[in-house]
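The following exercises concern a single protein model. Please examine the sequence and the structure before working through the solutions.

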Amino acid sequence: MFIAAGMVGENWLKVAFSAMALGIGLYVIPLGMIANADIIRLQSNPLGSAWRLCKWPSGLGVCPLASFPISTA
């Protein structure tokens, strides 16, 4: 990050956030395909594949909330 930021004359933190924004899909998408193999079976089961593709990102948003206790008071 420091070398790339120095080459373009930009703040290294800005470059780091841009790199993370571009690279997060390279990490998350293959893990989603492993967890839901129906996503890559588009030709044999297009409806199931589309359903899994829509369902999977919503689960990513809900899973972090599962670690927080629900207060009833």
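**Exercises on helix H2 and its surroundings**

In H2, the residues Val15, Ala16 and Gly32 are buried, where buried means under 20% relative accessible area, exposed over 50% and partly exposed in between (1.4 Å probe, protein chains only). The model is a predicted one, in which local features need pLDDT of at least 70 and side-chain atom pairs count only at pLDDT 80 or more, while totals for chains, interfaces and linings use all residues. Residues are numbered from 1 along each chain as its sequence is written, and side-chain values use heavy atoms, with hydrogens and water left out.

**Exercise 1.** Determine which elements the protein has and how they run from the N terminus.

*Solution.* Helices (H or I, at least four residues) and strands (E, at least two) are DSSP runs, numbered from the N terminus. The protein has three helices and zero strands. Their order is α-α-α.

**Exercise 2.** Compare the span of helix H2 with its expected value, and locate its bend.

*Solution.* The expected span of a helix is 1.5 Å times one less than its number of residues. Helix H2 covers residues 12-35, so its 24 residues should span 34 Å. Its end C-alpha atoms are 34 Å apart, which agrees. At Gly23, H2 bends by about 35°; the bend is the angle between axes fitted to the seven residues ending at a residue and the seven starting there.

**Exercise 3.** Find the salt bridge and state how accessible its two partners are.

*Solution.* A salt bridge is a side-chain nitrogen of Lys or Arg within 4 Å of a carboxyl oxygen of Asp or Glu. A search of the whole structure gives one. It joins the side chains of Glu10 and Lys14, at 3.7 Å from N to O. Glu10 is partly exposed at 38% relative accessible area, whereas Lys14 is exposed at 51%. Side chains of opposite charge can pair when their charged atoms come close.

**Exercise 4.** Where is Ala5, and is this residue buried or exposed?

*Solution.* Ala5 lies in helix H1. With a relative accessible area of 3%, Ala5 is buried. The C-alpha atoms of Ala5 and Ala16 are separated by 8.6 Å, and the two residues are 11 residues apart along the chain. Ala16 is itself buried in H2.

**Exercise 5.** Assess the confidence of the model by helix.

*Solution.* pLDDT is the predictor's confidence in each residue, from 0 to 100. The protein averages 75, and 74% of the residues score at least 70. Confidence is highest in helix H1 (residues 2-8), at a mean of 83, and lowest in helix H3 (residues 46-62), at 72. Where pLDDT is low, the predicted coordinates should not be read in detail.
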